[in-house]
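Biologist: Could you take me through one part of this model, the largest pocket, slowly and with care? I would also like a few words on what can be said of the surface.

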Amino acid sequence: MKYFVIFEHEGRAFANRLWNDMSIYAYGLHEGTRTINLTYFEHTRFGRPLHLLFARLLDRLTRRRCGLWAGGSPKNLPPSVPSGGERCSTLFFSGWLFRNPVGFTRYREALLAAFGPTKQVQKTIAQTLTPLAGKVLIGVYIRQTPYRGFTDGTFLISPARVRTMLEEYLREKNLRAHDVGLVVVSDRAVPPALTQGFDTVTSTEEKEGFFLLSKCSAIIGENSTFPNLAAWFADAPHIVTSEQPIVWAYYKDKTAYFDNQYATFTRG
């Protein structure tokens, strides 16, 4: 194969798209194949309608013979599964649920180089984190807007509960508030009570917030792809928030990213 072409995501969440594209890119590295991403206009206001027409046409032309699709359930790619022996010189990808755990491990450095922040974003992040210099950076991700299809707030964890978990984590790690720099990322402004007593930087910007979290030594966040993938970038543990009591023994001695049994949504 000469090319892998990503032409449609059918998913808008930043971390879902990123996880998907990195999985395909790792497959390309495994096969020695160049990966091309044609999804830019899918995620722009005015380019999306035209892109949808383009994607529908390309899907009809390629799916039966030279296309792979992953939307309803996750689909692992090589080297996480054996290669399928595709005969097409170009393979087309549609969907947002491609996964590649073995590829993520094997090609970690190449993925970080290809999908990490640009130099300008790195500069912005460094400036943002300057007030927290010398402190242990702890990331907190909290979503406050209900997920699509769950207007009752199902899957959201209350700020009060997140604050309790943060305090429990500090006790488990023998850290005091003045030792910690809190990096809080959310889709809306967070209640002051969540960060009271901590030196804090906050962000409601999706991409900037993601890479801010990737600078932390641990990330406390919900069961979703956003904090989990940020933890992968940081090579830090993702402590999954829950309204239920946390089994802190499970997280004992976890100092790097690991396959968390409570992070079920990362598997699709």
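**A close look at the largest pocket**

Modeller: Let me begin away from the pocket, with E206, which is found in helix α8, residues 206-213. Since this is a predicted model, what follows is computed from its atoms. E206 has a relative accessibility of 41%, and because partly exposed covers the range between under 20% for buried and over 50% for exposed, E206 counts as partly exposed. From E206 to I239 there are 33 residues in sequence, and the two lie 20 Å apart in space, C-alpha to C-alpha.

Now to the part you asked about: the largest pocket holds about 960 Å³ of space. Its lining is made up of 29 residues, and those closest to the centre of the pocket are A13, N16, R143, Y147 and T225. At least two lining residues come from each of α1 (14-31), β8 (180-186) and α9 (225-234), and α1 gives the most, with three residues. Sorted by class, the lining of the largest pocket has eleven nonpolar residues, ten charged residues and eight polar residues.

As for the surface, F150, F155 and F265 form a nonpolar patch there, and together these residues have about 270 Å² of accessible area. One of them, F155, sits in the loop between β7 (136-142) and α6 (159-172), and because its relative accessibility is 38%, F155 counts as partly exposed.

How values were computed:
Residues are numbered from 1 along each chain as its sequence is written. This is a predicted model: local features need pLDDT of at least 70, side-chain atom pairs count only at pLDDT 80 or more; totals for chains, interfaces and linings use all residues. Side-chain values use heavy atoms; hydrogens and water are left out. On a 1 Å grid over the protein atoms alone, a cavity is a set of points where a 1.4 Å probe fits but cannot get out, and a pocket is an open set with protein on both sides within 12 Å along at least five of seven lines; lining residues have an atom within 4 Å of a point. Grid points are joined across faces, edges and corners, and a volume is the space filled by probe spheres set on the points. Helices (H or I, at least four residues) and strands (E, at least two) are DSSP runs, numbered from the N terminus. Ala, Val, Leu, Ile, Met, Phe, Trp, Tyr, Cys and Pro count as nonpolar, Asp, Glu, Lys and Arg as charged, and the others, Gly among them, as polar. Patches are made of residues with over 30% relative accessible area and no salt bridge: like charges are joined within 9 Å, nonpolar side chains (Val, Leu, Ile, Met, Phe, Trp, Tyr) within 5 Å. Accessible areas come from the Shrake-Rupley method with a 1.4 Å probe; for residues, only the protein chains shown count as cover. A salt bridge is a side-chain nitrogen of Lys or Arg within 4 Å of a carboxyl oxygen of Asp or Glu. Buried means under 20% relative accessible area, exposed over 50%, partly exposed in between (1.4 Å probe, protein chains only).
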